[in-house]
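This report describes the fold, the core, the disulfide and the main pocket of one protein chain. The sequence and the structure come first, and the description follows.

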Amino acid sequence: MNNKRLAVITITSIAILLTFSTIYSNLEIIEAYAGVTLNHDNVAKTIIVRVNPTGTNFENSFDSFSRIGFVQGEANFLLESVPSKDKKPFYTLVQKSLESKNTLLKNKGMNISIDVYSGDGEVIETLVYSDCDVVEYFVHGVDSKGKIFFTEEDGTVEIREVTKFECVSFALDITLLQSDLERIEETIELISNANPFELDTEEGYFSRPATNGTEGELFYNSMTNKLQRFVDGQWVDISGVGGPASPRR
């Protein structure tokens, strides 16, 4: 009887330890962060969607889109949001694109640029989609407690819309500020000076042989992937790249 009680206590203890271990592991995951340089000011926080009808210079900007989504294909994407009155000009273009969806000549009715803003209001990058068609548009309700709502509501249901696009091309537009250029120049300088032993000195043994070697000295040039020997005052390739010549038959 005592052995049975001991066995039950042991199994219960192991189960409790596994439970605490799982909880602790999950806490570690929850509290994990990408790095100290990623803070509210320099990471992506908001997007502005700019829509330009093809063939015009007119552009509408919308700040009420909540999510960019992936659709298979490099130049395809989706936008998800809550339907709102400010997007009525956008819905007009969506309607026009859907009406021409099944015709032989697709509408290619809009160019879409998505500005990705950091927490301090700086544009990090712009996603540029050209000659886009709407291939699918639908509205649905979200009432799952497991999903984060786009708006603060008293009710339990949020009405959402999804617009899927198929575009001819995609490009990334980066506008560099003077501060960005200075940081890039500093990075290049750091990289250039990272290994002066290899790049700048007379005694480099990784990609540049010493100017004055000793007779018979060997040197492996990592830049050319060749083995060299110092013979009669100069470096001679002895790597035999390609192997010996094949005999004629």
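Among contacts in the protein chain between residues at least 6 apart in sequence, what percentage join residues at least 24 apart? In this predicted model, 50% of the contacts between residues at least 6 apart in sequence join residues at least 24 apart. The protein chain contains four helices and ten strands, and from the N terminus on its elements follow the order α-β-β-β-β-α-β-β-β-α-α-β-β-β. Of the 249 residues in the protein chain, 23% are buried.

**Core and strand β7**

The largest nonpolar core is made up of 21 residues, and those with the most contacts inside it are V49, V51, F77, M110, I112, I114 and F165. At least two residues of this core come from each of β1 (44-53), β4 (76-81), α2 (88-99), β5 (110-118), β6 and β7. For V49, the contacts beyond four places away in sequence are with N60, S61, F62, F65, L79, I112, S113 and I114; I112 and I114 are also listed with V49 among the core residues with the most contacts inside it.

T163 belongs to strand β7, which spans residues 158-173, and this threonine counts as buried because its relative accessibility is 0%. Leaving out residues up to four places away in sequence, T163 touches F77, L78, L79, F90, V94, V134, E136 and Y137.

**The disulfide**

How many disulfides does a search of the whole structure find? The search finds one disulfide, formed by C132 and C167, with their sulfur atoms 2.1 Å apart. Since C132 lies in strand β6 and C167 in strand β7, the pair ties together parts that are 35 residues apart in sequence. The torsion about the S-S bond of C132 and C167 is about 105 degrees, and the disulfide is therefore right-handed. C132 counts as buried at 0% relative accessibility, and C167 also counts as buried, at 9% relative accessibility.

**Residues with positive phi**

Most residues other than glycine have a negative phi. Two aspartates with a positive phi are set side by side below.

| Residue | Phi | Location | Relative accessibility |
|---|---|---|---|
| D131 | about 50 degrees | strand β6 | 26%, partly exposed |
| D232 | near 55 degrees | loop between β9 (226-231) and β10 (234-237) | 68%, exposed |

D131 is thus found in a strand, β6, whereas D232 lies in a loop, the one between β9 and β10. Is D232 buried or exposed? With a relative accessibility of 68%, D232 counts as exposed, because the cut-off for that class is over 50%; D131, at 26%, is partly exposed.

**The largest pocket**

The largest pocket holds about 220 Å³ of space. Its lining consists of D41, N42, S118, D120, E122, V123, I124, I174, T175, L176, D180 and R183, and the elements that give two or more residues to this lining are β6 (123-142) and α3 (178-192). By residue class, the lining of the largest pocket divides into four nonpolar, three polar and five charged residues.

Strand β6 recurs through this description: β6 gives two or more residues to the lining of the largest pocket, supplies at least two residues of the largest nonpolar core, and holds C132 of the disulfide as well as D131.

How values were computed
Residues are numbered from 1 along each chain as its sequence is written. This is a predicted model: local features need pLDDT of at least 70, side-chain atom pairs count only at pLDDT 80 or more; totals for chains, interfaces and linings use all residues. Side-chain values use heavy atoms; hydrogens and water are left out. On a 1 Å grid over the protein atoms alone, a cavity is a set of points where a 1.4 Å probe fits but cannot get out, and a pocket is an open set with protein on both sides within 12 Å along at least five of seven lines; lining residues have an atom within 4 Å of a point. Grid points are joined across faces, edges and corners, and a volume is the space filled by probe spheres set on the points. Ala, Val, Leu, Ile, Met, Phe, Trp, Tyr, Cys and Pro count as nonpolar, Asp, Glu, Lys and Arg as charged, and the others, Gly among them, as polar. Buried means under 20% relative accessible area, exposed over 50%, partly exposed in between (1.4 Å probe, protein chains only). Contact means heavy atoms within 4.5 Å. A nonpolar core is a set of buried Ala, Val, Leu, Ile, Met, Phe, Trp, Tyr and Cys residues joined through side-chain atoms within 4.5 Å. A disulfide is a pair of cysteine sulfur atoms within 2.5 Å.
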